[in-house]
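Please look through the structure shown below and keep it at hand while reading. The paragraphs that follow take its parts in turn.

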Amino acid sequence: MTDKQRYWLKVGLVVLALGYLVISVVTISFQSSETMCSGLKTIVKDSATLRFVSKSDVSQILDKGGMNPLGVRYDCIDEAQIESLLESQTRIKRAECYKTPSGTLVVEVRQREPILRVMGSSGNYYIDLEGNVLTVSPDFTAFVPIVTGSVSKKLAKGDLYEFGLYLHENPFWKAQIEQIHFESNGKVILIPRVGNQIIEMGSLDDYERKLHKLYSLYKNGFNKVGWNRYKKINLSFDNQAVCTKK
């Protein structure tokens, strides 16, 4: 075969491939315009650890928003609008919607992850990883520290969120701190899961240094004398943790 013949053979193959692609796109577009949505498949991410959103919740949201896709022609379904509707819900972090050739619309949602639950003067709600306020679910309670006392939403979304994020990202403190209480004067008290004492922090200022002092006390002191010898630990003093015996 000459070089010229090889050239025209390649051109012919490219033309055939382009023609097949055009025909396929036209066929799929035609089928999509005629296809009716016969099924809705909902996938809730992170459902093993979080249960703020269920499949039935997604269906109810679509029903109330007038976007239930069942029985609707594919070309009349706007995936972007469905995603926007779902992402407007406080418990849903992200939504993805796509059509399948079989007539099933797939909806995937990812839930928001709470790090604190506030049960104080500003109401009953969660704060999530991004600092958003989440409504409480009647069907599921997240295993996170509870915040009580004089807590405004400004505080909850500001300094308290930063503190809660620090606890969440530290495995030891995430497991150890059960409750954070704000007194009316702004002072903070921590209630641990292990040990019967209360922990006085003073303010949230310099919380990393204060918790480092507490960790050193746990590691170097309580492991020797026991965890239940003291009723109070005060971290508000510089360079020391002051313990009060029972």
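In this predicted model, nine strands form an open sheet with mixed pairing. Their order across the sheet is S6-S5-S4-S7-S8-S9-S10-S11-S12. Which strands stand at the edges? They are S6 and S12, the latter made of residues 242–245. Each of these has a single partner strand, so one side of each is left without a neighbour in the sheet. At the S12 end, the partner is strand S11, residues 230–234. S11 and S12 run antiparallel and are joined by four bridges. To find this pairing in the structure, start from Tyr230, whose bridge partner in S12 is Lys245.

There is also an open sheet of three strands, again with mixed pairing. Here the order is S1-S3-S2. S1 and S2 are the edge strands, and since each has a single partner, one side of each is left without a neighbour in the sheet. Neighbouring strands of this sheet are turned against each other by 15 degrees on average, if direction is ignored. S1 and S3 run parallel, with seven bridges between them. One place to look is Lys41, which has Val106 in S3 as its bridge partner.

The next topic is charged side chains. Side chains of opposite charge can pair when their charged atoms come close. The structure holds ten salt bridges. One of them joins the side chains of Arg110 and Asp46, with a distance of 3.2 Å from N to O. Arg110 belongs to strand S3 (residues 104–111), while Asp46 sits in the loop between strand S1 (39–45) and helix H2 (55–64), so this salt bridge ties together parts that are 64 residues apart in sequence. Are the two residues buried or exposed? Arg110 is partly exposed, at 28% relative accessibility. Asp46 is partly exposed as well, with a relative accessible area of 35%.

Asp46 has a further feature, in its backbone. Most residues other than glycine have a negative phi. The phi of Asp46 is positive, near 60 degrees, and Asp46 is a residue other than glycine.

Another salt bridge is formed by Lys93 and Glu130, whose closest N and O atoms are 3.5 Å apart. This pair, too, links distant parts of the chain. Lys93 lies in strand S2 (residues 92–99), and Glu130 in the loop between strand S5 (123–128) and strand S6 (133–134). The two residues are 37 apart. Lys93 counts as partly exposed at 34% relative accessibility, and Glu130 counts as partly exposed at 40%. Which residues are linked with them in a network of salt bridges? The network consists of Lys93, Arg112, Asp128 and Glu130.

A third example is the salt bridge between the side chains of Asp206 and Arg209, with an N to O distance of 2.3 Å. Asp206 is found in the loop between strand S10 (198–202) and helix H7 (207–225). Asp206 has a relative accessible area of 43% and is therefore partly exposed. Arg209 is also partly exposed, at 28% relative accessibility. The backbone of Asp206 has a positive phi of about 60 degrees, although Asp206 is not a glycine.

The last topic is empty space inside the model. How many cavities of 30 Å³ or more does a search of the whole structure find? The search finds one. About 80 Å³ of space lies in this largest cavity. The residues that line the cavity are Ile115, Phe143, Val144, Pro145, Gly164, Leu167, His168, Trp173, Lys174 and Arg193. By type, the lining divides into six nonpolar, two polar and two charged residues. Two helices, H5 (159–169) and H6 (171–176), each supply at least two residues of the lining. The largest share, three residues, comes from H5.

Conventions: Residues numbered from 1 in each chain as written. Predicted model: local features only at pLDDT ≥ 70, side-chain atom pairs only at ≥ 80, totals over all residues. Heavy atoms only, no water. 1 Å grid on protein atoms, 1.4 Å probe; cavity = no way out; pocket = protein on both sides within 12 Å on 5 of 7 lines; lining within 4 Å. Points joined across faces, edges and corners; volume = space filled by probe spheres on them. Nonpolar A, V, L, I, M, F, W, Y, C, P; charged D, E, K, R; others polar. Salt bridge = Lys/Arg side-chain N within 4 Å of Asp/Glu carboxyl O. Buried < 20%, exposed > 50% of the residue type's maximum accessible area, 1.4 Å probe, protein only. Pairing = 2+ DSSP bridges. Axes fitted to C-alpha atoms, helices over the stretch in contact; angles between N-to-C directions.
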